[in-house]
Each structure stands twice: as structure tokens, then as C-alpha cells.
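Biologist: I have a structure to go through with you. Please take the questions one at a time and show the reasoning.

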Amino acid sequence: MEAAAEPGNLAGVRHIILVLSGKGGVGKSTISTELALALRHAGKKVGILDVDLCGPSIPRMLQVQGKAVHQCDSGWVPVFVDQEQSISLMSVGFLLEKPDEAVVWRGPKKNALIKQFVSDVAWGQLDYLVVDTPPGTSDEHMAVVDTLRPYSPLGALVVTTPQAVSVGDVRRELTFCKKVGLRVIGVVENMSGFVCPHCAECTNVFSRGGGEELARHAGVPFLGSVPLDPELTRSLEEGRDFIRGFPESPAFPALSCIAQKILNEAPVGLS
Amino acid sequence: MEEVPHDCPGVGSAQAGRGASCQGCPNQGLCASGAGAAPDPAIEEIKEKMKTVKHKILVLSGKGGVGKSTFSAHLAHGLAEDENTQVALLDIDICGPSIPKIMGLEGEQVHQSGSGWSPVFLEDNLGVMSVGFLLSSPDDAVIWRGPKKNGMIKQFLRDVDWGEVDYLIVDTPPGTSDEHLSAVQYLAAAHIDGAVIITTPQEVSLQDVRKEISFCHKVKLPVIGVVENMSGFICPKCQKETQIFPPTTGGAEVMCHDLKVPLLGKVPLDPRIGIRFRLKAGYRISLEDSRGRCPACPVYREARRSPPCTRLLSVRVATKDSLFWLKHRIHQPP
């Protein structure tokens, strides 16, 4: 609790949200990015901290790969994604000399960098800091939960896809949250259904309903399902007009609904 | 500070404890004594143990959720089609073991015998080992840091009674960290045939996979080839194909060409695979079942709505193709 007396660079950050999932490739980074955009849409100032050290995806999704992180008096300056500087991002991706270089690090080194990310990034004033994590329940997760504990994060958003294999891993992630005392804001089901652009038939590519069932089973809120949208995938891939084009995606209503639930959460987190 | 000195020469190097940056490091004495450089005795033990294992294949991907475990399962089943081939499947995804569920072996337990842990046998010639078999409940989270995960991997390689095995397939978690380094290091003396790398077509996945290939180069692990999974989705109603995960940068094909690694095959996306997992039937895909009918079809609504399982068949064909190239690559003289 000593650290709480000296909040340092996170002093201006009002709410911290962790995005977790036991399973890889379910869309943690996508949801983190989309959530940040939806919160920005609601007029908030948002920061994204990407602690997936071995596979940072967010710089590409926001098309800021190759940008450099600068040093200032109070620490590292995050990369601003838009002109208005309403979304800032910090990722190991900005620290690599070559984009294809592998970060072959064992736990202790990853922990040290995460500590640095938490203490040394000059976020400035933020309404929300979204922390995107790698899959699993290991070093990075323990490090990030430990180092953020003094700043009492709002909680964790747990992302799953509907199929059983993913749900199984996510059940373990919920156990992790319970064990480390991290509140679960809710479960988000990603890639729920796929609407065929040719005939409008909706196929549940990764089956259906797993997220809601999981949330009920674990007694945590279910925040919503986000449909598969190839256009969105494409724009995430290319980062093309993503911020402006986002409100037209079928995923947008689902996302703003989830963002709204999180906005409603906030006062509770403060008290 | 937990961080090692900036210019630490590494405990294994000749400069350990002697470099300029070692001055003042609390571990200088230990490093200089050479104790840190001594190889783990387990490496030799594992080499001994692995003498009965002919081929060792790692299934890797920088990205999560691209189908490493699914493909590992395909591969194990495919190789085990031949009754005379002994196949072992080892899941070293310690924090997110999916293999028990995919193989339909959830809830199975590992037994202890005089010669070590016995793998769980799905068929006479297909043994499976996963941390999932050691957990008491499916909700149990394995919240372990690196060293503990490494210990588990060491045990899996050294203490499991694998017996005579033709192919050992090692399914890994995403990334390039503890589990991967440990598997490669522990198996170093025993010789690994190489790694099969799984990706999905989109750039967000490929950028992580390039890192994985760079990892393979760094640790001198040969790349057997790349498999592109979820390569396209055919609508079960109108039969038109959509790229759910669009290959905006040319997909695995262009990446393989650029990095000069072989592409083993492309496996399409089939919703039925997910259905079968959910039914806990396990993924007992038969590569030889050429009638093209999915056993789940007559029973389950989702499957019945769609035409005879041409897609599942194409998954089979694609997997079989990949398998052919993989065997070809392993068995060709270096």
C-alpha cells in the first residue's frame, strides 16, 4: 500500500480496466482497441497499455507501427493515435528495432518491463486506461495485477469466443481473477456469429452461447456478444479510416453497449 | 532491481562473471565459478529417455487461437491412422491446456507406474499427456510463473513413460517465452526434427508468426513448414466463400515465400469442428473416411441444415496434404 501514497505516472488515470482471456486469439486486442474507440466515442480520454510482450498486436490495429516512443522528464511518452490525442498507446512493439524480431524472454525479464510500463509511462490525464494482456495465467498477468493493485483497477473484462475449448480456458481465467482478488466486470463473447455477406445467412462459426452460459455459471455479468465482421477485421488489419469507419460496423452497437455498461460502472469503482 | 545488468554476458557464456558489467553484480562470484554454465543434468536424462522416440515435432505459433491444438490433434490422428505407427501427443500449454477437450479425454487421469507417469491412451497407438489430466477440476487455474512451468515440462519429457514412439508431437502455448525455450533446450541433445508453424491468413496473425520463425532461427530449430488454418469460410446456405480472416498481405503464401520456408497446406474453416468439440465427442477425425459424411450430421440440427459435409472432407484433404508434405520433409535426407 506504500505505492498508493505515491501514485506517480498513473496519478491522472481515473479508471483502469484489464482485458483478459485464458485463450489466445479470441480477440483481446481487438476488443481492447474497439473498447478504447467506443469510449473515445463517448468523449473519454483513453490510454491503451499492451503488455503482450511476445506478440504485440495493437500498434498494427491502430496503424501506428513503426512509431517511436520518446523520453521526457516524467518518463516514456506514449504514442498518440489520433490528432486530438484522445487515444494514447504504449506497447513493446514500439521498442523493437525490427518488427519481425522475436522477443525471446523468460518471465523475470517480462516482469521487469511490465513494472517499467506501469511506473514509467507518462500517461497524463486519462479517463480510462485499458490494459491488454497475452493469453494465459502466468508471469505477465501476475506482474500486471501486482503492480496495478495500488491503483485499485476497476476490474477485468474477460473475453471469450463461443466454443467450448475457449470457454474452458476462460473458466480458468475467472478462477485466476478470484484467486488474485481482481473483480470481474463481466464476460464479453467475441466472434459470435457470421453474417454471410452474400445471402445474409447467419452462421455460428464458432458455435454459440458459450459466453453467456459461462457468465451464468461463474456468477459474473455477461456484457454482450460481438459479431464477426470481416470488414472490421479488414479495417483492423489495415488500420484504414478505422476510427471514422468504426460506427458503421455491425460490431459497433454491441461495443457501445458494452462501453456504456462500463461507463455506468465507473462511479461504483470510485466509491 | 530484478533486471540483469544491461550488458550481462549471460550465465552460459565464456565471459560470465568476468565481463566489465559483471563488476558489482551480486552474482558475479557464482557466474565466475562456472556453476551457472553447467548444463542441466536433466538434458542428458531426457536424451536417454528420448532414445526410443524417433521423431519429435513441435507445433508452434506466435499467435494464440489460430489452431495449434486443433492441428496437433489432426496430426496425431492422421499419423496414428497407420496401426503400426506409435504416436504421442504432449501438450505443454500449461496455463491453457486444450488437448484433453479436443481429443475427447476430459476428466481422464494420469496413472503412476514403476517407469513413470503413463500417458492417457486414446487408441492403442496414440498416447496423450497434458497438464489438464493433472487438475482436479476444469475450473482450476494453473497460476505459475516461468520456473514452475519449466519444471513441469522437464517432468513431462523425463518422467513420462512414453515407450517406443515413432512421432512425438509437442503442442505449445502461443508466444516465444519460457515454455518454448524450455522445450527446445530440454530436447536439444535429443534432436528435434523441427517445428510446424500454424497461422491464420490475416496480417495481425502473420506478424506474430514472423516473430516465431525468427525465434526458430535464434534457437536453431528447423522449420518443417507453415500451415495456414481458417483459410476461408463457405456459407453452408449459399455455398459462397468469404474470407472471414482476410489475407490482406497475401496470407501465409507470401510470408512463406518471403521468409523462404515451405507452406505445407491450407486448412479451411469449418463450423462443425467447433460443434464437435462442444459435444465432447472429441475430434476423432478419420482422414481415410472418404465417403465425405460427417458422423454428426444426422443427429444435430446445425449440421443437418447444411449439405453433406464437403467442408469437413476438405479439412481432411487439406490436413492429409499437409501431413504428406510434413512426412516428406521429415524423412528426406538433410
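Biologist: Which residues of α5(B) are buried?

Modeller: This is a predicted model, and buried here means under 20% relative accessible area. An α-helix has 3.6 residues a turn, so residues three or four places apart point the same way. In α5(B), the buried residues are B:Gly146, B:Lys149, B:Asn150, B:Met152, B:Ile153, B:Lys154, B:Phe156 and B:Leu157.

Biologist: What covers the buried residues of α5(B)?

Modeller: The cover draws on both chains. Chain B supplies α2 (41–49), β2 (87–91), β4 (116–118), β6 (126–130) and α6 (178–187), among others. From chain A, the cover includes α5 (139–148).

Biologist: How far apart are the end C-alpha atoms of helix α5 of chain B?

Modeller: The helix runs over residues 146–159, which is 14 residues. At 1.5 Å a residue, it should therefore span 20 Å. The model agrees with that, as the end C-alpha atoms are 19 Å apart.

Biologist: Is B:Lys68 buried or exposed?

Modeller: B:Lys68 is in helix α3 of chain B, and UniProt lists it under "binding site" in an unreviewed entry. Leaving aside neighbours within four places in sequence, its contacts include B:Val59, B:Asp171, B:Thr172 and B:Ile198. Its relative accessible area is 6%, and the cut-off for buried is under 20%, so B:Lys68 counts as buried.

Biologist: Which residues is B:Gly67 in contact with, leaving aside its neighbours within four places in sequence?

Modeller: B:Gly67 lies in the loop between β1 (53–60) and α3 (68–80) of chain B, and the same UniProt "binding site" record lists it. B:Gly67 is buried, with a relative accessible area of 10%. Beyond those sequence neighbours, its contacts are B:Ile198 and B:Asn229.

Biologist: Which three residues supply 13% of the area that chain B buries against chain A?

Modeller: The contact takes 61 residues from chain B and 62 residues from chain A. Together the chains bury about 5400 Å², with 56% of it on carbon and sulfur atoms. On the side of chain B, no other three residues supply more of the buried area than B:Ile143, B:Arg145 and B:Lys211.

Biologist: Which residue of chain A does the side chain of B:Arg145 meet in a salt bridge?

Modeller: Across the interface of chain B and chain A there are five salt bridges. In one of them the N to O distance is 3.8 Å, and a salt bridge needs these atoms within 4 Å. The partner of B:Arg145 there is A:Asp139.

How values were computed. Residues numbered from 1 in each chain as written. Chains lettered and ligands numbered in written order. Predicted model: local features only at pLDDT ≥ 70, side-chain atom pairs only at ≥ 80, totals over all residues. Heavy atoms only, no water. Helix = DSSP H or I, 4+ residues; strand = E, 2+ residues; numbered from the N terminus. Expected span 1.5 Å × (residues − 1). Buried < 20%, exposed > 50% of the residue type's maximum accessible area, 1.4 Å probe, protein only. Contact = heavy atoms within 4.5 Å. UniProt positions renumbered as here; feature names shortened; annotations may be inferred. Buried area = accessible area lost by both parts, 1.4 Å probe.
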